[in-house]
Structure formats: structure tokens, C-alpha cells
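Got your viewer open? Let's take a walk through this protein together, one selection at a time.

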Amino acid sequence: MRFSRSLIPTLKETPAEAEVASHRLLLRAGFIRKLTAGIYTYLPLGLAAIRKVETIVREEMNRAGAQEILMPMVQPADLWRETGRYEKYGPELLRFVDRHERESCLGPTHEEVITDLLRREVRSYRDLPQNLYQIQTKFRDEIRPRFGLMRGREFIMKDAYSFDVDDVAAGESYQQMFEAYKRIFTRCGLEFRSVLADSGTIGGSYSHEFMVLADTGEDTLVICSACEYAANSEKAEVAIPATDDSPMLDLQKVETPGKRKVPVVCEFMGIEPHELVKTMVFDADGEPVAVLVRGDRTVQEVKLKNLLGAADIEMLDDKAVFDATGVPTGYLGPVGIKIKLLVDREVAAMRNFVTGGNEKNYHIKSVNMGRDFEAAAVADLRQITDSDPCPACGAQLGMKEGIEVGHVFKLGTGYSTAMKAVFQDSNGKETPMVMGCYGIGVSRIVAAAIEQNHDENGMIFPMALAPMQVVLLNLGLKDEQITETAELLYTELQGKGVEILLDDRDERPGSKFKDADLLGIPLRITVGKSLTKNGVVEIRHRKDGTTEELVPEQVTARIVELIDAAMSNG
């Protein structure tokens, strides 16, 4: 591939729209171009990197026994109505009506389509198991698409679906996919962790996310310092607290004029935030619900949403809180509350705490659950912190940022029961298929790899994902010896199957060096004045900046050796 004949429109300046490193560098390196909000055209080098990911994914999926298919992107609304997701999925599902007034949607995922296929084709337990996958464009109408390929509206995804006769067999399929994912991300050259996760709109009882560790990650991971426990902070379970058995004291109403915020109330009453319990009010599918958490804690909304089985959760503003309770924000408490009350289990273990008095300008001391109020439910409802002990072993927890690049789900029979995807078991009984679902963000992996591997000069691709393995700089287009050597090496390396970009542009050496670093290609060969003066060619490693000087006759063998070593390490 010759730079002079390729569409590689590099930019010197950072585009104003770019917020994170991968977005900035993909635009500057000419890998992608924006068409409209959250939708990008992949240029030759960008597509080449994506194809590298696709190849690894295909090889490992096939190795795990999955079969590749390709399903339509346009999906009938009727299928989604069978599972109830057409209404529940939310505005991210792009719905439309065709000329025949048939309702459809653009597929953000394909559980309904694959279940419909299998219910038509599978009749007997002898037809199972099945594991089918595709690599295809998805569309999710994100309200605020951002960060380039990290969170776009249109993206490339691998999604797979397993169908089994029972839970045991489904567990085996899940484990096979889990191991395949570990191989995929290892081969991609990424530093990653698998963590327990919330299943979200996909559903199911159990899931793991595969997270690339990076400072710009949108998700916070909770990782134990001593054992294998790791979870998304939305899913991380807080260890059950010890119960305070102190004697219950008498209630005491205290006037707290104008004192609404936790720090102000605590200072006024001479207490610490952990001795106060705040009452947070949320809208859950149109109904108000109050949640009690300690004054120094935060409600984890995903946990609340899962407990209620709600489609949507939103914290109410001050006016909505007053409309729902008749009490101004900051003075609301559980004693005599008129709406549904949920209690974090840390609060349930406390004694003699301070709460709002359910009256403007008043708080109450020595409140106790059971004596002074009752809860509709007690559950783990708060955000875990790094000061909490590990729920598995009690050791110190740590927090890291991560980018989700893969997610595996145990779906169970939710979809197959709703859509009547059944088979005859060995006793002739109709039984719903047990399903699993396994997704990988193919285009997102490229962005995540850049977030994890870059410096101030540009991208630093792992060899397995690099759009080209070598960039060859000709720094003397008018020098016969330099040009002849560069062309010879280009031809030799191509003959060895090396993916090589020859920079044969009539540009200053400085520009060529800058573009080579920007593109992040792992190995750079420079043919320039060192050849005419000393008879050597330079090989530079993009990752650590180390260089080697070799006579031209040694270069091809050395490059092949370096590529083989890098690929075998992946």
C-alpha cells in the first residue's frame, strides 16, 4: 500500500468535536470521518483495524463451535411485541413505519429475530445445542452520542446466541463463550478484566462484562486486592453490615430552621454524616418511591431499578418531591411517610439515627426501624465504595475505570417462553429452549485499544490490531540508492506477507515521522541518509521508541521475526 495513492487524510490540528484520545486520534489519523451525530464512515486504515478484530473474533467463535449467520438489520415490531420489549426498550430503539404501514425497528440487538428463527427450525432435543453468531451493523438512537466509536449510534457488533436443552447445558455454553472471550481479548493485546454485571435491557439472571482498563472508561470497576472478585459498580454487592444492638432511645423532635443539606444538618446537630439517614425520592414508572440510605451514601439506581422491576427510574426534583409527599426536600423522613418506602440494609442494621421530621424546619433524633416505621423492602440499594470490604473475602477493594467491550448473558427461558420457542424433550414433552447471549463491540475494541495504547504523538497499536504492521519511510525520493533500496524492501516484505505502508510522498522528513507516529503502526523502517553514509537502515519500535540499525539485506528477515514474535505473544 502506497501512501501517495491512499486515502489517509491526516490532520495536524485536533478537531473541536473530539473529547477523548481515541476520538481525537482516529480523526487526526484519517481512520474515520463523521457523517452525522454518532455515525461515522470508516476510511481504509480504520476499516483495516476493524477487520483485524473481526478476524480474531471469527477464529475464536468458530473454534468454540459457534456458526456464523447474518440476520436482517430491519426487524418487525410484532416480534418485539411478543417479548414486550417494543414498548419497554425506550427511545434508543429507532422505530419507523414503511409504505404499507407496517411497524419496524432498526436492530440494536437480535434476541427476537434469532429466537424466531430457532422456533421455526428446532423441533427435538436432538436438534440442540445450537450456537449462532453474526458480525453486523447495529443502531441505537443514543440521546447524546459521544466519544467517536466509543458511544456512537451506528456501530459494528458481534452477537451470538446459544440454545440448549436445560440449565446445565446452557451453563456449559456460557462457559465456552466466556473462555472464548478471554482468548479474543488476549489475542487483541488488551489489558482487560471480566466483571459481574447488570443484565440491563437484555435481561437474564447472570452476566459478565469484559472491560478494557483505561482512565477514560465510562464504567467504574470494583476489584478485590486479594481474591478474584470483580464487578461493575452497578452490580457490586455491599457486604452485609453488622447489626447495632444498642438500646433504642426515645424519639426527640429537633427544630432545624433552614437546615436542609446533610453537612449543614450534621454540623447543627453535632453528628457525623454516617449517623444521619436521608430520604431520597424517585419516580419508578410513574409512581413515587422513597429510599433510605446513610447520609454519606449514594443510592445505586440500577440496584433500585432491578429491585422494583421498573423500566425507568428517575430522581425527583424539589417540586415533585413536595407534590408527592407534602414535605419540602431536606426535611423528609420515614416516620409517617405516605409513599412506598425502601430501606438500604445498612440503614436497617442501624440504631438511633437522625432523619428528617416530615415537617418543614424539623428533624428527629433516635429513629429506629421496626419501632418507628416499617419498610416495604430491605435490600442492598447503595453504591459501593473503596472503603467497603470485599463481599467475597473481606479484603480491601480498589476502583478502576473500564471500557465495556464484551458482555455475556445467561438469558434462561425468558425469550423462548414469551415467543413459544419450544422443543420436544426425550420424554416427548414440550420444553422452552434455554438461551444465552454474547456480544462484542467490534468497532469499540479499536477505540478501546487506542485509549489504552497511545502517547502525545499518536496511537500505539498492538500488532494484532494494527491496520498495517510496518510503515516504510523513503526519505530520499530523488536519491537513486535510497529509492531503490526502499522499493526493494517494500517488494520483499510484501512477498513475505507483511502488511506494509510505503510512505513515498514528496513531503519533508519531519512530516513523515509525525504521521508515522500518529498512525501507530508498530514497526517503522527508515531509509535515508544513514544508508548513503553508513550503509544501514533503521528499524524503530513504536511502542517503546527503541531502534535497530541493519544493513538492507538483514531487514526483511528481522521484520518477519519481530512480527512473528509479537503475534505469538498475543
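## Stop 1: The domains

Start by colouring the chain by domain. In this predicted model, the domain assignment gives domain 1 as residues 16-71 + 109-236 + 398-451, domain 2 as 252-379 and domain 3 as 468-568. Now keep domain 1 and domain 3 on screen: their centres, taken over C-alpha atoms, are 37 Å apart. Where they touch, domain 1 brings 6 residues and domain 3 brings 4 residues.

## Stop 2: Where domain 1 meets domain 3

The size of an interface is often given as the accessible area lost when the parts come together. Here, domain 1 and domain 3 bury about 480 Å² between them, and carbon and sulfur atoms give 71% of that. Select Ala29, Leu45 and Lys52: on the domain 1 side, these lose the most area to domain 3, together making up 65% of what that side buries.

Keep Lys52 selected and add Glu499. The two form a salt bridge, with the closest N and O atoms 2.7 Å apart. How many salt bridges are there between domain 1 and domain 3? The count is 1.

Next, show helix H1 (21-28) and helix H2 (44-63), since each supplies at least two residues of the domain 1 side that touches domain 3. Sort that side by class and you get 4 nonpolar, no polar and 2 charged residues.

## Stop 3: Inside helix H1

Zoom in on H1. Is this helix mostly enclosed or mostly open? Of its 8 residues, 7 are buried, so H1 is largely enclosed by the rest of the structure. To see them, select Ala21, Ser22, His23, Leu25, Leu26, Leu27 and Arg28. Then switch on what covers them, including strand E1 (32-36), strand E2 (39-42), helix H12 (442-452) and helix H14 (509-519). Just after H1, click on Gly30, which takes a positive phi of about 75°.

Now pick His23, which lies in H1. His23 has a relative accessibility of 3%, so it counts as buried. Show Tyr40 as well: the side chains of His23 and Tyr40 make a polar contact at 3.0 Å. Leaving aside neighbours within four places in sequence, His23 is in contact with Glu17, Ala18, Tyr40, Phe147, Gly148 and Glu451.

## Stop 4: A salt bridge hunt

Side chains of opposite charge can pair when their charged atoms come close. The count for this model comes to 45 salt bridges, and here are a few to visit.

Select Glu82 and Arg119, whose closest N and O atoms are 2.8 Å apart in a salt bridge. This pair links distant parts of the chain: Glu82 sits in helix H3 (residues 77-83) and Arg119 in helix H5 (residues 111-121), 37 residues apart. Glu82 is partly exposed, at 32% relative accessible area.

Stay in H5 and select Arg120 and Asp116, which form a salt bridge at 3.0 Å between the closest N and O atoms. They are 4 residues apart, about one turn of the helix. Arg120 counts as exposed at 52% relative accessibility, whereas Asp116 counts as buried at 11%.

Jump to helix H16 (residues 552-569) for Glu561 and Arg558, 3 residues apart. Their side chains meet in a salt bridge (3.0 Å, N to O). Both are partly exposed: Glu561 has a relative accessible area of 46%, and Arg558 comes in at 23%.

For the last stop, select Arg294, Asp296, Arg297, Glu346, Arg382 and Asp388 together: salt bridges that share partners join these residues into one network.

Note on methods:
Residues are numbered from 1 along each chain as its sequence is written. This is a predicted model: local features need pLDDT of at least 70, side-chain atom pairs count only at pLDDT 80 or more; totals for chains, interfaces and linings use all residues. Side-chain values use heavy atoms; hydrogens and water are left out. Domain bounds come from an automatic or database domain assignment. Contact means heavy atoms within 4.5 Å. Buried area is the accessible area (1.4 Å probe) that two parts lose on being put together, summed over both. A salt bridge is a side-chain nitrogen of Lys or Arg within 4 Å of a carboxyl oxygen of Asp or Glu. Ala, Val, Leu, Ile, Met, Phe, Trp, Tyr, Cys and Pro count as nonpolar, Asp, Glu, Lys and Arg as charged, and the others, Gly among them, as polar. Buried means under 20% relative accessible area, exposed over 50%, partly exposed in between (1.4 Å probe, protein chains only). A polar contact is a pair of N or O atoms within 3.5 Å; within protein, one must be able to donate a hydrogen and the other to accept it, and residues adjacent in sequence count only if both atoms are side-chain atoms.
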